[in-house]
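Work through the exercises below with the coordinates open, and try each task before reading its solution.

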Amino acid sequence: MFFAKGENFLYECPNCGGNLKFDISSQMMKCDYCLTTHNPYDVTKEKDAEETNLQSGDNNEFNVTIFTCPQCGGEILSTDTSAAEFCSFCGASTILDSRICKERRPSHIIPFKKTKEDCKKAYISRMKRAIFAPSELKDEKYIDGFRGIYIPYWAYSITQKGPVLLKGEKSYSKGNYIYTDKYDLSGDLDAYYYDLSYDASSSFSDSISEQIAPFNVRDSKKFTPSFLSGFYADTADVDSSLYRDDAINLANATSYSKIKKTPAFSDLKLSTEGNNFATTMALHTFCDKPERVLYPVWFMSYRKEGRVAYATVNGQSGKVAADIPVDIKKYLIGTFLLALPIFFLLNGLFTIKPDILLSCSGLLASFALIIYLMEITAVLRRDKRMDDRGYLHRQFAGAKPGQKKENQITIKELLSYIAESGQIPGFTGSAVAMGVSLLVRLFAPVSDLWYYGGAIVSFLGILFTNMAIIKKYNILATRKLPQFDRKGGNDHA
Ligand SMILES: [Zn+2]
Ligand SMILES: [Zn+2]
């Protein structure tokens with residue numbers, strides 16, 4: 001054990017001078033050396049106290065070490081200075097560059113509830129079902145790479161309080177007539193939405209944060225930097241205004257659905273429905289200034305062939321989200337073993353005529369073709385990170401959130417993407433299979449051999465497309481290596 005006094009950034013044990021870290025099972029600061037526990041709010045690094053006082057009296061910032069990956073530019077921060085040996089975003093094993101910096105203080109934090117052991121267990125039981133996953137993903141050494149990272153979120157609190165007047169209509173038909181009843185609803189609304197939270201880091205993908213949601217804000221504690229010791233945190237770089245409308249719309253929609261739960265109002269069509277501005281006015285929706293909060297996530301990355309896969313575990317609930325690619329060898333053996341009994345079963349039950357066989361393979365080929373095209377579209381969307389508004393926001397800074405045009409893929413883009421790869425496109429197999437089955441059926445030769453030959457060619461074609469589908473699936477199950485272009489210097493400025 002070592003601790004260099006003076007310039008050290010660690011939390012010192014009041015008992016023995018050892019190194020204090022946040023201990024998940026006791027939810028206290030625990031000494032590495034003498035094992036005593038201490039209240040997180042009572043321990044401060046002297047530097048914390050001194051420097052925040054200099055800062056115009058407000059307690060808005062705290063000292064951190066920012067680690068930057070030399071390969072992808074991804075940044076994580078920590079209250080310790082000890083070197084970080086790999087990058088969680090691109091999976092590179094390299095010593096990250098570090099610099100001391102000041103970071104805006106979040107208002108609240110949900111401390112880790114699940115230990116690394118809990119997290120590994122949850123992940124292992126998830127992977128048991130993933131029979132086609134590459135063995136490395138289940139490897140003990142790899143699984144030990146889980147790193148505790150606090151992810152920044154923006155938390156919006158919304159109130160709706162006051163007298164409410166709503167106009168509504170209800171239509172029904174009786175005989176040849178349609179009757180429309182008009183209603184005036186009036187009442188007092190007193191609703192409070194607490195901490196609707198949205199991922200505030202552009203390096204943490206929205207799709208992951210949705211998968212491991214929700215976090216229970218009841219466990220959140222007032223922030224103090226000592227909670228971070230022994231963990232990392234992601235930097236908050238998404239503007240707080242980005243998700244404001246989403247939070248307001250969510251509150252509006254929730255209040256409407258509550259109103260409609262009253263049986264008498266169940267089929268009512270409200271005049272303000274669908275118009276967010278009118279709804280906000282009618283319900284007195286008020287959105288408070290959002291707060292910075294930190295939520296706990298266990299994070300691991302797997303890098304292979306220029307792609308990266310993430311496994312994440314919610315550090316509060318233990319919910320797992322993992323990108324799981326398919327190992328082609330395992331997949332082929334698995335499907336072969338599965339197909340054998342089905343083949344013998346069918347063979348015993350029916351005699352399939354050769355022309356029907358060929359039609360079936362033509363049909364299968366067209367399914368494969370459709371799946372292939374859908375997959376390519378999904379890959380393209382994912383690579384452009386079209387569903388990640390936090391990321392898009394930074395790419396198109398200045399553009400309005402929720403821009404629709406950036407969000408669609410044209411057929412031209414799709415075709416040029418397929419052509420770009422330079423290989424024989426995966427759909428060729430299915431296309432050939434469809435063509436062959438169609439031709440043989442059209443010419444309807446006398447000999448059955450033609451049909452069987454056609455079926456074999458179709459089978460090979462479908463197999464070719466299937467392999468392409470798995471390759472694309474793997475691209476979909478993994479991610480493009482990230483590339484962050486941070487401006488450098490003080491991020492909070
Ligand atoms: Zn101690
Ligand atoms: Zn990196």
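A residue counts as buried if 20 or more other C-beta atoms lie within 10 Å of its own. The model used here is a predicted one.

**Exercise 1.** Determine how many of the 10 residues of H10 are buried.

Solution. Applying the cut-off to each of the 10 residues of H10 gives a count of 0 buried residues, and the helix is accordingly described as hardly covered. Just beyond the end of H10, Gly422 takes a positive phi of about 80°.

**Exercise 2.** Describe how the axes of H8 and H10 are arranged, and which residues make the contact.

Solution. Begin with the axes: those of H8 (residues 354-383) and H10 (residues 411-420) come within 10 Å and cross at roughly 95°. Angles of 65 to 115 degrees count as roughly perpendicular, and H8 and H10 are therefore roughly perpendicular to each other. Next, list the contact, to which H8 contributes Ile376, Thr377 and Leu380, while H10 contributes Glu413, Leu414, Tyr417 and Ile418. Finally, sort these residues by class, which gives 5 nonpolar, 1 polar and 1 charged.

**Exercise 3.** Check the span of H11 against the expected value, then find which of its residues are buried and what they pack against.

Solution. H11 (residues 427-443) has 17 residues, so at 1.5 Å a residue the helix should span 24 Å, and the 25 Å between its end C-alpha atoms agrees with this. The buried residues of H11 are Phe427, Gly429, Ser430, Ala433, Met434, Val436, Ser437 and Val440, and they pack against H8 and helix H12 (448-477). Just after H11, Ala444 takes a positive phi of about 40°.

Technical notes
Residues numbered from 1 in each chain as written. Chains lettered and ligands numbered in written order. Predicted model: local features only at pLDDT ≥ 70, side-chain atom pairs only at ≥ 80, totals over all residues. Axes fitted to C-alpha atoms, helices over the stretch in contact; angles between N-to-C directions. Helix = DSSP H or I, 4+ residues; strand = E, 2+ residues; numbered from the N terminus. Parallel < 35°, antiparallel > 145°, perpendicular 65-115°, else oblique. Contact = placed C-beta atoms within 7 Å. Nonpolar A, V, L, I, M, F, W, Y, C, P; charged D, E, K, R; others polar. Buried ≥ 20, exposed ≤ 12 C-beta atoms within 10 Å, placed from the backbone. Expected span 1.5 Å × (residues − 1).
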